[in-house]
Amino acid sequence: MMQSKTPAETWRPKNPQDTELFRFATWVAEHRNVDLGTLTTGDGVSDDLYRRIHKWSITQLSDFWDAVRAYFDVIGIGFETAALVDATMPQARWYPNAQLNYAENILERTRDTVDQNEAAVLTIDEDNTIESMSWNQLRTRVHGLAEQLHELGVKPGERVAAVLPNVAEAIIGMLATATIGAVWTISSPDLTPTATLSRLRQVEPKVLITTAGYTFNGRRHDLAEFNSELADGLPGVGHHLELSDFRAAPLDGNVEYVAVGFDHPLWILFSSGTTGDPKGIVHGHGGMLLESLKGKALNQDLSIHDRYYVGANTSWMVWNTLIQALTCGASVVVYGGSPKVNAADRHFEIIAKTHTTRFAVGAPYLTMVERSGLFPAKRWDLTGLKSILSTAAPLPESTWRWVHEQVHPDVRLGSDSGGTDICSGFIGTNPLEPIHLGEIQSPLLGVDARSFHDDGTEVFNEVGELVITQPMPSMPIYLWNDRDNRRYQETYFSRFPASEEHPNGIWAQGDWVIQTDRGSFIVKGRSDATLNRQGVRLGTAEIYAALGQISEIAESTVIGVERPDGGYWMPLFVQLAEDTQLTPALTEHITAEIRTKASARHVPDEVIAVKEIPLTHTGKRIEVPLKKLFSGRESAHSINRDAIANPDALTEFIELAEHVSRSS
């Protein structure tokens, strides 16, 4: 096996012994008699300590997760059994006798370590007005709404649905719903009524929560008609609450948290639904609590001294990480406005004004600011920013360098890859090892992540499929309306059957990755969108990375289409910046950049200028639906326009596909 070359180092931990992960390692060695070898050397933390902790976390899976529970003093009962009593996926069994409550573990578990008069939630508006809500105020408001929902007859297991922007009341609604054992689901009001109803009708909510309106990009959006359409489309809803209806405090002052089973449903997240109805993904109280603590505190080193901000709307699972951050006692920042108000670096302005220490955002946003020509570090005080977590897409190397040059030289910039499926990450950052340009550091703790060839063998230093060969507590407890688990099985476990080596099953995530022999990962794009030229698989991410510094390109998407005659057509569609035309010189520049920074095989057959690239509401490309459209495997009607943030952009692609079909 040829060894991989180590890219340039972009970050190195300065005080790894002052991290929650190192303290956890010390604790398990002392209290659980776990042999992790030498924790420190004369120079500090042992270089391979993270790898030893990770190996223990996947070879002694049950012990690891029980240690997470005990270390963080999870509130609950019935933890006497092993954490994992059946490791067979897709329905591994965790703590069969346990009872706990996710909201209680946020609002009560940290009372002794967090000053309850300090801010828990900061709300910032487009005009930079900031409102602070203390931990005591958050608890009071959650209890008030929980009592209100109980009086409305909401029972454990029944659904509370919200259509809200990223506001503090959304967090209050989620925690109040969890407090009484009901099930939460939320959508952003920038979805169409049709798209929203395609989600909410599936779950048949008992209560609908909406807002009268919101401001985005300086414009007030009145939602009276929108809310009325939702209410009419959900005849089973018993009660409709506006934010102004929320009870501010409980009447009796004593609200009890309903203790539920470890796998009792907590919330329902939805897939994008670009083709067909969105898939309802259900996570449990216990699994999501353990994953929140492990992911945020151990891998991301979030603590009570941090303030966490994420640039996301409520339809994207990244919004849920705000609530996960609260489990660590960190305060959070909510912002429902435009990421471009005042300037393209609006998120960095918010970071400065709210004294944010930890920031999570989609990679395309960072590239957009890079291309804007702004220098955030010169415009805002970002010296308190400790880390940036980039997600949603691979981060181009040029953007990676730009962050360290123009945002913060010592910021811990890392990339995570996970998904709505687990509301967390599979591979990502850790605070004990250096970060290298263009690479994801490692599998996350408790995640047995590997790269498989088509034949099910593990591969290194070449493109393979990202798989998980051991259960995670945050894997879905089930998919909504999938009573026989058929869809669950087909979605994640049909790609690779269980084997003698991996008897518990093999979860295939649908991502192409390179697993290096050094233990790092490089994401190459979605496997169902992978390009295949002359039998060689090519990741779309390599093409997008090559285009990163071409300022004339605002957005792009590439697809590979198998022709009926056995040929292969690979067009690159580009949305150009304002006042830019696709000249022969620009086309040559584009292809030269791809040839130089990727390879000759990555050079498209055509570069086609379009008015706009269609994207989902979370800013993701729709490569697979477009590929099916151009190959004739599906009609234009199969693409769910309501799942597209800019559905009018589809019209040009439909016309182009029809033209290609007539010409071939």
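This passage describes a charged surface patch, the surroundings of helix 12, and the salt bridges of the structure. The model is predicted.

A negative patch on the surface comprises Asp 222, Glu 225, Glu 229 and Asp 232. The main contributor to this patch is helix 8, spanning residues 224–233, which supplies three residues. Asp 232 is located in helix 8. With a relative accessibility of 63%, Asp 232 is classed as exposed, because the threshold for that class is over 50%.

Helix 12 (residues 363–372) has a buried set consisting of Ala 363, Tyr 365, Leu 366, Thr 367, Val 369 and Glu 370. The cover over these buried residues includes three helices, namely helix 11 (346–354), helix 13 (376–379) and helix 14 (397–406), together with strand 21 (358–362) and strand 22 (387–391). Gly 373 follows helix 12 and has a positive phi, near 85°.

Two of the covering helices were examined through individual residues. In helix 11 lies His 347, which is buried, its relative accessibility being 6%. Apart from residues up to four places away in sequence, His 347 is in contact with Tyr 309, Gly 311, Tyr 335, Pro 339, Phe 359, Val 361 and Tyr 365. Of these partners, Tyr 365 also belongs to the buried set of helix 12. Arg 401, by contrast, is situated in helix 14 and is partly exposed, with 42% relative accessible area. The C-alpha atoms of Arg 401 and Leu 413 are separated by 9.8 Å, the two residues being 12 positions apart in sequence.

The model contains 29 salt bridges. One of them pairs Glu 151 with Arg 247 at an N to O distance of 2.8 Å. Glu 151 belongs to helix 5 (residues 135–151), whereas Arg 247 lies in the loop between strand 15 (239–242) and strand 16 (260–261); the bridge therefore ties together parts 96 residues apart in sequence. Glu 151 is partly exposed, at 48% relative accessible area.

A further salt bridge links Arg 495 and Asp 454, whose closest N and O atoms are 2.7 Å apart. Arg 495 is in the loop between helix 15 (486–492) and strand 31 (507–515), and Asp 454 is in the loop between strand 28 (449–452) and strand 29 (463–468), so that parts 41 residues apart in sequence are tied together. Arg 495 is partly exposed at 34% relative accessibility, as is Asp 454 at 37%.

Arg 486 and Asp 484 also form a salt bridge, with 3.5 Å between the closest N and O atoms. Here Arg 486 is exposed, at 54% relative accessibility, while Asp 484 is partly exposed, at 49%. Elsewhere, shared salt-bridge partners connect Asp 301, Asp 306, Arg 358 and Lys 386 in one network.

Terms used: Residues are numbered from 1 along each chain as its sequence is written. This is a predicted model: local features need pLDDT of at least 70, side-chain atom pairs count only at pLDDT 80 or more; totals for chains, interfaces and linings use all residues. Side-chain values use heavy atoms; hydrogens and water are left out. Patches are made of residues with over 30% relative accessible area and no salt bridge: like charges are joined within 9 Å, nonpolar side chains (Val, Leu, Ile, Met, Phe, Trp, Tyr) within 5 Å. Accessible areas come from the Shrake-Rupley method with a 1.4 Å probe; for residues, only the protein chains shown count as cover. A salt bridge is a side-chain nitrogen of Lys or Arg within 4 Å of a carboxyl oxygen of Asp or Glu. Lys and Arg count as positive and Asp and Glu as negative; His and the chain ends are not counted. The place of a charge is taken as NZ of Lys, CZ of Arg, CG of Asp or CD of Glu. Helices (H or I, at least four residues) and strands (E, at least two) are DSSP runs, numbered from the N terminus. Buried means under 20% relative accessible area, exposed over 50%, partly exposed in between (1.4 Å probe, protein chains only). Contact means heavy atoms within 4.5 Å.
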